[in-house]
Protein chains: 2
Amino acid sequence: MSALTIKKFLRVATPSLDNNVGDAERVNIALGENFDTKNIIWPLDLLRDIARILRTNGGDITATLFTDGDTIKIINIESGNTADSHFGIAVDIGTTVVAAELVDLHKGKSLAAAGDINGQVVYGEDLLTRLHFSSQGGLSKLHQTLLDTINGLIAKVCDIANIDVNQVSAICAAGNTSMTHLLLGLDPSPIRREPYAPVLAKVPMFAAKDLGLNIMPNAAVYIFPSVGSFLGGDLVAGALSAGIDERDEISLLLDIGTNGEMILGNNEWLLAGAGAAGPALEGGVAECAKRAEPGAIDRVNIDKATLEPSYSVIGDIEPTGLCGSGLIDAIAALYNAGLLDTTGHFILEKNTDRWQLINNKPAYIIRYADKTRGIPLIYISEKDIQNVMRTKAAMVAALTILLDSVGLDINSIDRVYTAGSFGIHLSIESSKAIGLYPKLPTERFVQLGNGSLKGAKEVLLNAGKINDANRIAEKITYLELNIHPAFMSIFRSAKYLDGGH
Amino acid sequence: MSALTIKKFLRVATPSLDNNVGDAERVNIALGENFDTKNIIWPLDLLRDIARILRTNGGDITATLFTDGDTIKIINIESGNTADSHFGIAVDIGTTVVAAELVDLHKGKSLAAAGDINGQVVYGEDLLTRLHFSSQGGLSKLHQTLLDTINGLIAKVCDIANIDVNQVSAICAAGNTSMTHLLLGLDPSPIRREPYAPVLAKVPMFAAKDLGLNIMPNAAVYIFPSVGSFLGGDLVAGALSAGIDERDEISLLLDIGTNGEMILGNNEWLLAGAGAAGPALEGGVAECAKRAEPGAIDRVNIDKATLEPSYSVIGDIEPTGLCGSGLIDAIAALYNAGLLDTTGHFILEKNTDRWQLINNKPAYIIRYADKTRGIPLIYISEKDIQNVMRTKAAMVAALTILLDSVGLDINSIDRVYTAGSFGIHLSIESSKAIGLYPKLPTERFVQLGNGSLKGAKEVLLNAGKINDANRIAEKITYLELNIHPAFMSIFRSAKYLDGGH
């Protein structure tokens, strides 16, 4: 097992009248003593520097390289033995949040992590707005803001660990198909138009400098392959991280974000689908919604006797909004308290002070406003609930079709991995209660966390996993649910709160 | 047989709901139906453009690519069928003159040729001065002026043929080891210092944009491999062009320029050497010397009875100097007329008006000055003759050692190919007369012309010859004559006009 890039200390022969082959060729000979392949690729800038480097330390050098077994790509050459100074960065490119983790590839341990809002949000909170912007000439802005976000995170994690960005020789990134396109500067707008063909699914490896990533110029950049327009490398990375293709038992990977993507399968088959249900849980969609950050109400309960709410706030500060997990909790609590019917409408006959008309529509107040303390009115509306029910119905419809197509029922699922920006925070019980998650025993659920970042880190530490990731991507059969004849009828029948799995 | 780059018309499937794999992947599938390899490399700029190109002409495209059998590198994608618009340029990078030839790779014929003075001459007429300048911080200037010269020639030949430089998808270049280094921006100065190790001998293929060559950005650039510091790709290209490694008979390739390089051998073995004798024949060395261009006296004869000279002038205009071939002719004529002894000194006792003291040294006047017609005094001095005799002695010493080391004598040479900037023009009879060429029957001599450019053109038209060129380079055993114990003694004994082979 070796990292995505390899550092190798080499003693290169000093040239003499008896051995005056070229500098680069003597390095190749030294590499040939350590690696099987004779196909060695040099970048021009290193050829321009190799004579100096070889003469700095009597031919003692450390080569940084990437190899796929057939070919060695030389990434860097340093004078002396620097093999223990070896770094890579894993990146999860979310539509809303981008996360990065700096990894010491010599010691195999994390050094620093950071996250930031994807700079593209100024061009649209949701993906569809951005794709439209891209098709209207906004591609280069989307491309550049994403690069700026990633480069900012690179600088941040390197700063935390006190290493120079030029010491980073590898980046492994995963994102949905649109984000992958935008990182490469490819127009993703055709992804959302019939026939939903991306520019590419399997991404070639490029040098960091070609992509505009501010690390070692020739650093290896591996980007997880997509399966199709609607199933991106983030899901493939999550599947890799969960190891769902390694076990006999059937697993389900759920990534609840904009789309509600999922992968079902085991070591023999993998089936995937996505219900394009709209960004019900994304910050900015629910009327009082905010991202899962300090000030967001992330847990909500409602007392069945008093019908009064209780909640917790991220960061233990005054609440300023409701994040996705708070929203799911609130809906489950309203339903459990008998304040909500199965169609997602309030039962206003139930007597509580918490009912209030907001813009002439009924809402349940979770927190009254307190201007002196900077607290806004925080409530949940029927429209918020309908949005979540659409997401839930899309998840149910997608999973039902996936299970049907392999003749299995819900109980055959041995493990449910929840991932994605919402899966990290959602309460399993609340999600099961409203039917967003399948009604399976809680012990079968595994909160994967940021599976995309985890998968990226695995490849960073073990280049052999590139083959696993590619194999997973190739093995997945993607069902285009948007055009599946049964999707809409199941979707409609699942738009009820008891219409779970 | 296919050219260095291949143009292939492809009908790429239109994406549909049943086949919505990525644009690039659909191109790869179409390529896979035409080529064996599945390893296809895309440059980022073409990925960024492929969606548009595929939709311009209903999926009809023409791919320009390079393949070594294992891997396909995509160089360009054009809409529609442009397979008959396919161009490449062969370049011979001489220390003094750079020559370029534009070739229609579809029809296999030359379209235009041009030559220009290597812009580096402003930093030194001879190579040693330039290598010194390079080691003193002049590398980037030498690199840039060479690029300027080559790009100027590219523009010129494309202009003659009325094609856009961006239609040129291949360049094949050959030059000595120093020029090869300077084209790549590598410091060549260690080449002339013990232990004479270059940065590299076998040059990787780079894209034109990486090298700063103004043609199609991803165009394939093949540069002939060197054998060592003193035997460059120009000789390898010449050997390829002469086909000396294809025949049972023994051939000698002579390249008389700064060094007097040579390759001796047949289909079983190849032996090479170079006598670093100084640039006796280069323009600017002999006192009245000029390059082989209009106004240069290129042929000289001396009447044995009257001792009066006759000459011809390139371009049939008034003479302004003496080029290398005129110098060789003049020396041979002086010797044949009894005006020169075997040590290269004038026999001033022979009575002729042509003797004259120039700077207190005797000289033979070839043309009296005529200021009204712009004609300078054109003469040959003993110093000029000594310079040529050193070159001749170096050639003799080199060939003697090469022949000795394989136990052969001069008569075993079946063919003598003369190449290089002087070999094109030198009179075979005069060169044999003064011992510069071996004294073999004239019918064994073949004037190869610019063998370097010819070899480059062969690879341009037939990519399979890359393997031949690499095989020749690997097969050549290079004798380091500078340090050969016998060289100086043979050199000294050969410094006489009858001291031929």
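**Strand E5(B) and its partners**

I started at Gly88(B), which stands opposite Val103(B) in E6(B). Strands here are DSSP E runs of at least two residues, helices are H or I runs of at least four, and both are numbered from the N terminus. The model is predicted, so I note that local features need pLDDT of at least 70 and side-chain atom pairs pLDDT 80 or more, while totals for chains, interfaces and linings use all residues. Residues are numbered from 1 along each chain as its sequence is written, chains are lettered from A and ligands numbered from 1 in the order written, and side-chain values use heavy atoms, without hydrogens and water.

I counted the bridges next. E5(B) is joined to strand E6 (residues 97–104) of chain B by seven bridges, and the two run antiparallel. Strands pair if DSSP finds at least two bridges between them. Three residues lie between E5(B) and E6(B), and the two form a hairpin.

Then I checked E8(B). E5(B) pairs with E8(B) in the parallel sense, over seven bridges. Val91(B) stands opposite Ala173(B) there.

Is E5(B) enclosed or open to the outside? Seven of its seven residues are buried, so E5(B) is largely enclosed by the rest of the structure. I use buried for under 20% relative accessible area, exposed for over 50% and partly exposed in between (1.4 Å probe, protein chains only). Side chains in a regular strand alternate between the two faces of the sheet. In E5(B), Phe87(B), Ile89(B), Val91(B) and Ile93(B) point one way. Gly88(B), Ala90(B) and Asp92(B) point the other way, and all of these residues are buried.

**The sheet around it**

I traced the strand order. It is E7-E6-E5-E8-E10-E9 in chain B, an open sheet of six strands with mixed pairing. Strand E7 (109–117) and strand E9 (206–207) are the edge strands, each pairing on one side only. E8 (residues 168–175) of chain B runs parallel to E10 (residues 220–223) of chain B, with four bridges between them. Ala170(B) stands opposite Ala220(B) in that pair.

I also looked for a helix on the sheet. Helix H6 (residues 233–242) of chain B lies across strand E5 (87–93) and E8 of chain B. H6 runs at about 105° to E8(B) (axes are lines fitted to C-alpha atoms, for helices over the stretch in contact; angles run from 0 to 180 degrees between N-to-C directions).

**Strand E11(B)**

E11 (residues 250–255) of chain B is mostly covered, with six of six residues buried. Ile250(B), Leu252(B) and Leu254(B) point one way, Ser251(B), Leu253(B) and Asp255(B) the other. E11(B) pairs in the parallel sense with E20 (residues 413–419) of chain B over six bridges. The bridge partner of Leu254(B) in E20(B) is Thr418(B). E11(B) is also joined to E12 (residues 261–265) of chain B, antiparallel, by five bridges. Asp255(B) has Glu261(B) as its partner there.

**Asp245(A)**

Where does Asp245(A) sit? I found it in the loop between helix H6 (233–242) and strand E11 (250–255) of chain A. Asp245(A) is buried, at 5% relative accessible area. I listed its contacts (heavy atoms within 4.5 Å). Beyond four places in sequence, they are Asn266(A), Asn267(A), Leu270(A), Arg471(A), Ile472(A) and Lys475(A). Asp245(A) and Arg471(A) are 226 residues apart in sequence, yet 9.4 Å apart in space, C-alpha to C-alpha.

**Cores**

I asked for nonpolar cores (buried Ala, Val, Leu, Ile, Met, Phe, Trp, Tyr and Cys joined through side-chain atoms within 4.5 Å). The largest has 108 residues, and Phe224(A) and Trp42(B) are among the members that touch the most others. Helix H3 (residues 127–161) of chain A gives the most to this core, 10 residues. A second, separate core of 107 residues includes Trp42(A) and Leu131(B). Outside its neighbours within four places in sequence, Phe224(A) contacts residues including Cys172(A), Val203(A), Leu240(A) and Val459(A).

**Cysteines**

How many disulfides are there over all chains? My search found zero (cut-off: cysteine sulfur atoms within 2.5 Å). The sulfur of Cys172(A) is 16 Å from the closest cysteine sulfur, in Cys158(A), too far for a bond. Cys172(A) is buried at 0% relative accessible area. Cys323(B) is buried at 2%.

**Two copies**

I superposed the chains last, by least squares on C-alpha atoms of residues with pLDDT of at least 70 in both. Chain B lies on chain A with an RMSD of 0.2 Å, after a turn of 179° and a shift of 0.0 Å along the axis. That is the relation of a two-fold axis. The same surface serves both copies, as 97% of the contact residues of chain B recur in chain A. Asp70(B) comes closest to the rotation axis among residues of chain B, at 5.1 Å (C-alpha).
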